[in-house]
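User: I'd like to learn how to read a protein model feature by feature. Could you walk me through one, starting with the overall layout?

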Amino acid sequence: MEMFLHHVQVSGPAGCEDAMRDFYVGVLGMTEVDKPERLRARGGTWFRAGSAEVHVGIEEGFVPARKAHPGIAVGDVAALALVVGQAGAPVTWDENIPGLRRFHTTDPVGNRLEFQQAQR
């Protein structure tokens, strides 16, 4: 049976959508995806880059996860780290997996994100 990851969902507090758009579209270069009409009243927003999607859901009493995170492979991780850092988001390089160049950052509400160099 063929499987592939379609999306990951992160959470955020009510009213975070514009800040998330600024980060996921403006900084990371993702495209906003229209949510199905039946889901729009819940708030939140969805983003896509290539085949990867990140869905932001609104959660009452939101607290960002400290460990859970999406891991997203990118074509040039060093270039993305530069853009993320210039936007004021933290860039923490992680050398714990030999041969894998990756960094962690957080989105505007504190969700942890990992970006790693795509293996070719």
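Analyst: Sure. Starting at the N terminus, the protein chain's elements come in the order β-α-β-α-β-β-β-α-β-β-β. That makes three helices and eight strands. Keep in mind that this is a predicted model.

User: What does the radius of gyration tell me about the protein chain here?

Analyst: It gets compared with what the globule rule gives for the chain length. The protein chain has a radius of gyration of 14 Å, close to the 14 Å the rule gives for 120 residues, so the chain is as compact as a globular protein of that length. Along the principal axes, its C-alpha atoms fill a box of roughly 45 × 40 × 25 Å.

User: And how much of the protein chain is buried?

Analyst: Of its 120 residues, 37% count as buried. As for the accessible surface, the protein chain has about 7500 Å², and carbon and sulfur atoms own 52% of that. If you care about sequence range, take the contacts with a separation of 6 or more: 52% of them come from residues 24 or more positions apart.

User: Okay, on to rings. How do I read an aromatic pair?

Analyst: You describe a pair of aromatic rings by how far apart the centres are and by the angle of the planes. This structure holds four such pairs. One of them is Phe23 with Tyr24, at 5.3 Å centre to centre and with 90° between the planes.

User: Why is the pair of Phe23 and Tyr24 called edge-to-face?

Analyst: Because planes over 60 degrees apart count as edge-to-face, and the planes of Phe23 and Tyr24 are at 90°. There's a bit more to this spot: ring pairs link Phe23, Tyr24 and Phe47 into a cluster.

User: Are Phe23 and Tyr24 buried or exposed?

Analyst: The cut-off for buried is under 20% relative accessible area. Phe23 has 6% relative accessibility, so Phe23 counts as buried. Tyr24 has 1%, so Tyr24 counts as buried too.

User: Which ring does the charged end of Arg101 sit over?

Analyst: The ring of Trp93, with the charged end 3.8 Å from the ring centre. Trp93 turns up again when you look at Arg102, so let's go there next.

User: Go on, then. How do I read the surroundings of Arg102?

Analyst: Start with where the residue is, then ask how covered it is, then list its partners. Arg102 belongs to strand β7, residues 102-106. Its relative accessibility is 10%, so Arg102 counts as buried. Its side chain has a polar contact of 2.9 Å with that of Asp94 and another of 3.1 Å with that of Glu114. Skipping neighbours within four places in sequence, the contacts of Arg102 include Thr92, Trp93, Asn96, Ile97, Phe115 and Gln116. For a backbone view, the C-alpha atoms of Arg102 and Thr92 are 8.6 Å apart, with their positions 10 residues apart along the chain.

User: Which residues does Ala81 contact, leaving aside neighbours within four places in sequence?

Analyst: Val91, Trp93 and Phe103. Ala81 is in helix α3, which spans residues 77-86, and its 8% relative accessibility makes it buried. The C-alpha atoms of Ala81 and Trp93 are separated by 9.0 Å, although the two are 12 residues apart along the chain.

User: Can we do Arg48 the same way?

Analyst: Yep. Arg48 is in strand β3, residues 45-49. With a relative accessible area of 36%, Arg48 is partly exposed. A 2.6 Å polar contact joins its side chain to that of Glu53. Not counting residues up to four places away in sequence, Arg48 touches Met30, Thr31, Val33 and Glu53. Gly29 is 19 residues away from Arg48 along the chain, and their C-alpha atoms are 9.1 Å apart.

User: Last one: where is Gly61?

Analyst: Gly61 is in the loop between β4 (52-58) and β5 (71-74).

User: Is Gly61 buried or exposed?

Analyst: Exposed: the call needs over 50% relative accessible area, and Gly61 has 64%. Its C-alpha atom is 7.3 Å from that of Pro13, with the two residues 48 apart along the chain.

Conventions: Residues are numbered from 1 along each chain as its sequence is written. This is a predicted model: local features need pLDDT of at least 70, side-chain atom pairs count only at pLDDT 80 or more; totals for chains, interfaces and linings use all residues. Side-chain values use heavy atoms; hydrogens and water are left out. Rings of Phe, Tyr and Trp (its six-membered ring) pair if their centres lie within 6.5 Å; planes under 30 degrees apart count as stacked, over 60 as edge-to-face and the rest as tilted. Buried means under 20% relative accessible area, exposed over 50%, partly exposed in between (1.4 Å probe, protein chains only). A charge sits over a ring if NZ of Lys or CZ of Arg is within 6 Å of the ring centre and within 35 degrees of the ring normal. Helices (H or I, at least four residues) and strands (E, at least two) are DSSP runs, numbered from the N terminus. The radius of gyration is taken over C-alpha atoms; the globule rule is 2.2 Å times the number of residues to the power 0.38. Contact means heavy atoms within 4.5 Å. Accessible areas come from the Shrake-Rupley method with a 1.4 Å probe; for residues, only the protein chains shown count as cover. A polar contact is a pair of N or O atoms within 3.5 Å; within protein, one must be able to donate a hydrogen and the other to accept it, and residues adjacent in sequence count only if both atoms are side-chain atoms.
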